[in-house]
Amino acid sequence: MIIEEISLALQKGKANDVKALVQQALAEGYTPKDILEKGLIQGMNVIGGKFKRNEVFVPEVLVAARAMNAGQEILRPVLVKSGIKPIGKAVICTVQGDLHDIGKNLVKMMLEGQAIACVDLGVDVPAEKVIAAIKEHEPDLLCLSALLTTTMIMQKEIIEAVNKAGLRNRVKIMVGGAPVTEKFALEIKADGYAPDAASAAELAVQLIGEMHV
Ligand code: B1M
């Protein structure tokens with residue numbers, strides 16, 4: 001089945017094959033959601049398990065990540081409808097010390113799919129850069145991603161810095177990433193937590209709505 005082929009090509013890091021297979025799957029009528037969840041994310045999860053068990057190492061994970069991004073680029077225009085007036089604006093990043101961007105990119109893509117304009121600050125982003133971006137772009141929503149137990153704490157530091165800068169009532173803050181939990185989000189006084197990109201988009205719409213009442 002083509003969805004399994006996508007997962008396998010991603011695991012082997014074959015970016016061009018992933019691109020072609022994603023295109024083919026779309027042409028055959030598979031939904032972007034199935035291609036993403038059962039093909040791309042499933043393949044990345046297999047690599048994640050192998051990485052954990054030391055069956056593959058950083059180079060293999062990097063080529064798989066590149067293949068994942070190649071697949072996402074094909075899906076992006078299908079998920080993001082063009083010409084629709086944005087319902088709000090988000091600033092999104094992966095926090096300082098953390099270079100993982102696949103989940104953040106997925107969240108961004110899903111937000112854009114809900115007509116939320118996104119300013120992407122990239123990875124390894126310190127609090128000062130976030131504060132400067134809030135002042136410059138005046139977003140409704142700040143989205144902070146963290147994939148390492150050692151960098152989750154930066155989400156707390158950034159929220160504290162936003163408080164200190166007197167900007168806390170001007171922006172809603174959503175946190176997420178594999179080690180992050182609802183409980184942690186409450187502890188650090190975020191406005192919301194989402195476990196995956198699809199729920200992140202739903203929550204983003206809700207939080208932006210709350211900003212505009
Ligand atoms: Co890294 N890595 N990694 N890695 N890596 C993990 C995270 C790890 C769990 C692997 C493991 O050991 N089992 C482990 C963390 C352990 C821990 O902290 N508890 C780990 C480690 C240790 C490391 C290094 C330290 C390894 C080393 O160098 N020895 C190093 C750290 C580098 C750094 O950041 N400073 C490192 C490096 C890398 C690569 C560069 C090789 C590569 C990243 C490439 C890239 O992103 N461009 C990489 C990868 C790919 C992984 C795994 C295999 C996959 C992560 C991923 O992309 N998953 C990962 C193992 C795993 O997760 N199974 C691992 C797919 C993605 C779709 O899921 O990012 O969880 P995820 O995003 C989800 C949700 O979390 C959520 O939505 C997404 C989609 O549904 N979400 C949000 C994410 N952000 C959100 C924000 C929201 C809401 C929801 O609101 C704002």
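Begin with the largest pocket of this predicted model, which has a volume of about 1200 Å³. To place yourself at its middle, select M44, H100, I102, G103 and L147, which are the closest to the pocket centre among the 42 residues that line it.

Next, colour the elements that give two or more residues to this lining, namely the helices α3 (32–52), α4 (58–79), α5 (102–113) and α9 (197–211), together with the strands β3 (141–145) and β4 (172–176). Of these, α3 deserves a selection of its own, since the largest contribution to the lining of the largest pocket, nine residues, comes from this helix. If you then colour the lining by residue class, you should find 28 nonpolar residues, nine polar ones and five charged ones.

While α3 is still selected, show the side chains of D34 and K38, which both lie in this helix, four residues apart, or about one turn of the helix. D34 and K38 form a salt bridge in which the closest N and O atoms are 3.4 Å apart, and this pair belongs to a structure that holds 11 salt bridges. In general, side chains of opposite charge can pair when their charged atoms come close.

Now step back and colour the protein by its domain assignment, which gives domain 1 (2–81) and domain 2 (88–211). With these colours on, return to the lining of the largest pocket, which draws at least three residues from each of the two domains. The C-alpha centres of domain 1 and domain 2 lie 24 Å apart, and across the boundary 12 residues of domain 1 are in contact with nine residues of domain 2.

The area buried between domain 1 and domain 2 is about 940 Å², with carbon and sulfur atoms giving 66% of it. Which residues of domain 1 lose the most area to domain 2? Select Q72, R76 and L79, which together account for 43% of what the domain 1 side buries.

End the tour at R76, keeping its side chain in view and adding that of E112. R76 forms a salt bridge with E112, and the closest N and O atoms of this pair are 2.9 Å apart. Between domain 1 and domain 2 the count is one salt bridge.

Terms used: Residues are numbered from 1 along each chain as its sequence is written. This is a predicted model: local features need pLDDT of at least 70, side-chain atom pairs count only at pLDDT 80 or more; totals for chains, interfaces and linings use all residues. Side-chain values use heavy atoms; hydrogens and water are left out. On a 1 Å grid over the protein atoms alone, a cavity is a set of points where a 1.4 Å probe fits but cannot get out, and a pocket is an open set with protein on both sides within 12 Å along at least five of seven lines; lining residues have an atom within 4 Å of a point. Grid points are joined across faces, edges and corners, and a volume is the space filled by probe spheres set on the points. Ala, Val, Leu, Ile, Met, Phe, Trp, Tyr, Cys and Pro count as nonpolar, Asp, Glu, Lys and Arg as charged, and the others, Gly among them, as polar. Domain bounds come from an automatic or database domain assignment. Contact means heavy atoms within 4.5 Å. Buried area is the accessible area (1.4 Å probe) that two parts lose on being put together, summed over both. A salt bridge is a side-chain nitrogen of Lys or Arg within 4 Å of a carboxyl oxygen of Asp or Glu.
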